[in-house]
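Here are some notes for a colleague who is opening this model for the first time. Please read them with the sequence and the structure side by side.

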Amino acid sequence: MNKGSHSREIPGKVTSRTLNTSLYAYFCPLCKHPRATRIRPEIGTLRHYAQVALVTAVVTCALFPWLEWKGAVSFLPLWVIFELFYRSRLRESLKCTQCGFDPVLYIKDVGLARKEVEAFWSERLKSTPEAPATKNSISSTVSS
Ligand SMILES: [Zn+2]
């Protein structure tokens, strides 16, 4: 009676262990593929401030002979760098690997997100040695 569904691995499926260790589990709104990320979408938690403050302390100590305590102002540019890096990491983790859907881009511009998904699929079709009739039908639908 056991069909062996528990032992069978589905390619690209997020395992339950990954879901347990990740903070956020969700389904891709486009392809319904289970997705998970460990990166919190909130920026500005106490941990983030502590990390940037620690780097600021190191930079202040390194530049102390030149700037003295004015080096503490480096907190602001360091925070900007941290936020840009964090947001780019979060965006990469949210992007679906199965269909190329980018939810952050979708919130900003639906047309650009649609073009990115089309580019993802045309790139995937180029990389797989499939029948050329499939490529022609996709490219004709993209161009129209
Ligand atoms: Zn997807």
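At what angle do helix α2 and α4 pack, and how far apart are their axes? The points below begin with that pair and then move outward to the rest of the chain.

1. This is a predicted model, and the remarks that follow should be read in that light. Helix α2, which covers residues 46-62, packs with α4 at an angle of about 135°, and the axes of the two helices are 10 Å apart. Because angles over 145 degrees would count as roughly antiparallel and those from 65 to 115 as roughly perpendicular, this value makes α2 oblique to α4. The crossing in which α2 passes α4 is right-handed.

2. As for the residues that make this contact, α2 contributes Val52, Ala53, Val55, Thr56 and Val59, while α4 contributes Phe75, Leu78, Trp79 and Phe82. Sorted by character, the residues of the contact of α2 with α4 comprise 8 that are nonpolar and 1 that is polar, with no charged residue among them.

3. Further along α4, which spans residues 75-94, one comes to Leu90. Is Leu90 buried or exposed? The answer lies in between: Leu90 has 17 other C-beta atoms within 10 Å and is therefore partly exposed, since a buried residue would need 20 or more and an exposed one would have 12 or fewer.

4. Leu90 also links parts of the chain that are distant in sequence, for its C-alpha atom is separated by 7.7 Å from that of Arg40, although the two residues are 50 apart along the chain. When the neighbours within four places in sequence are left aside, the residues in contact with Leu90 are Ile39 and Pro41.

5. The strands deserve a separate look. Strand β1 (residues 24-27) pairs with strand β2 (residues 34-37) in the antiparallel sense, over 4 bridges, and Tyr24 stands opposite Thr37 of β2. The hairpin that β1 and β2 form has 6 residues between the strands, and in it Lys32 adopts a positive phi near 65°.

6. Turning to the protein as a whole, the model contains 7 helices and 2 strands, which follow one another along the sequence in the pattern α-β-β-α-α-α-α-α-α. Of the 144 residues in the protein, 1% are buried. Among the contacts between residues at least 6 apart in sequence, 32% join residues at least 24 apart.

Key
Residues numbered from 1 in each chain as written. Predicted model: local features only at pLDDT ≥ 70, side-chain atom pairs only at ≥ 80, totals over all residues. Contact = placed C-beta atoms within 7 Å. Axes fitted to C-alpha atoms, helices over the stretch in contact; angles between N-to-C directions. Parallel < 35°, antiparallel > 145°, perpendicular 65-115°, else oblique. Left-handed = near helix turned anticlockwise from the far one by under 90°. Nonpolar A, V, L, I, M, F, W, Y, C, P; charged D, E, K, R; others polar. Pairing = 2+ DSSP bridges.
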